[in-house]
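Please open the model in your viewer and keep the selection tool at hand. The stops below take you from one selection to the next.

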Amino acid sequence: MIPAAFDYARAGSVDEAISLLGANDDAKLLAGGHSLLPAMKLRIARPSMLIDIGRLKDLSYVREHGDGLAIGALTRHHDVATSEAIHSVCPIVADAAAAIGDPQVRHMGTIGGAVAHGDPAGDMPTVLLALEATMVANGPGGEREIPATAFFTSLFETALEPDEVLTEIRVPKLTGGWSFLKFNRRALDWALVGVAAVRSNGGVHVGLTNMGLTPLRASGVEEAVASGTDPAAAAERAGEGTAPPTDAFGSAEYRQHLVKVLVRRALEEAMG
Ligand code: FAD
């Protein structure tokens, strides 16, 4: 439970964080620390240096962006969950943030950290995938946009380069129904399986939590709904293309069953 030795630097700006990342192999950004520090204590992560961006106040905001919103990467889960703008423009994001962990986790953890960590069991990545959100990264070459659909590349891996800082997440205005369902055994637990469904241009986008190495889109379900299949029959395709884990909380078979039940409920809620 004691991390390996590491150096520590506090970045005063995004530019300073980028140059520290570039100058130190195996350095890691520290935001809320609620995923990275536990991983370091278990020695799953052994960064050579922590670059603390947790006090970069100018990366904590919710602003209008076109029809939708731009959310600064350092915005804490609590501030996302209680933002009036997010509740009115894209309420599924606030709903998911409110379901993360406990009040302590929500007051420390950040939306950017939850996304950059790339945990397939995380709540927010699935929602952003279903929304087809856009991630904004800054690196030595400047700023670039990464669609959520291309962001989560493997287990705890993302499309961010080692010397890039995730600075902003852009979410669209929700114009149709939506549903966020997190199934856990006890309040405050991580999701055994989670589902995010949003109506979009007459179709539905469905994201899945904890059903593979990354957050996944249930494309078989989306195809079935687009071709007019009713929610119950469409949900039968929820397990297609998934490879859920077996762990102390449930078997892969149980998750395969559960995902169909949750997707049916989510479709009925989003399309109802
Ligand atoms: P950190 O731990 O600081 O960083 C995580 C990773 O992201 C690190 O690799 C770091 O280098 C990188 N990173 C952070 N910010 C950036 C950035 N701006 N740009 C590039 N890279 C960056 N999550 C859920 O989804 N659902 C839950 O139910 C849940 N329950 C939890 C319960 C407990 C007890 C704990 C400790 C955590 C729980 N979490 C849960 C995780 C929580 O949401 C974390 O806050 C979040 O996953 C990581 O955010 P952070 O700001 O703490 O990131």
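Which residues does Val171 touch, not counting residues up to four places away in sequence? Select Val171 and you will find Gly68, Leu69, Ile71, Cys90, Val93, Leu128, Leu131 and Ala133 in contact with it, contact meaning heavy atoms within 4.5 Å. This is a predicted model, in which local features need pLDDT of at least 70 and side-chain atom pairs count only at pLDDT 80 or more, while totals for chains, interfaces and linings use all residues. Residues are numbered from 1 along each chain as its sequence is written, and side-chain values use heavy atoms, with hydrogens and water left out.

Next, add Ile92, Val93, Leu131 and Met135, which together with Val171 have the most contacts inside the largest nonpolar core, a set of 35 residues. A nonpolar core here joins buried Ala, Val, Leu, Ile, Met, Phe, Trp, Tyr and Cys residues through side-chain atoms within 4.5 Å, and buried means under 20% relative accessible area (1.4 Å probe, protein chains only). This core draws at least three residues from each of domain 2 (57-171) and domain 3 (178-271), with bounds from an automatic or database domain assignment.

Now move to Arg76, in the loop between β5 (68-72) and α3 (77-81); helices (H or I, at least four residues) and strands (E, at least two) are DSSP runs, numbered from the N terminus. Arg76 is buried yet has no salt bridge, that is, no side-chain nitrogen of Lys or Arg within 4 Å of a carboxyl oxygen of Asp or Glu. Asp79, the nearest side chain of opposite charge, is 5.8 Å away.

Finally, select α10 (residues 219-226), where Gly220, Val221, Glu222, Ala224 and Val225 are buried.

Key. Buried < 20%, exposed > 50% of the residue type's maximum accessible area, 1.4 Å probe, protein only. Lys, Arg positive; Asp, Glu negative; His and termini not counted.
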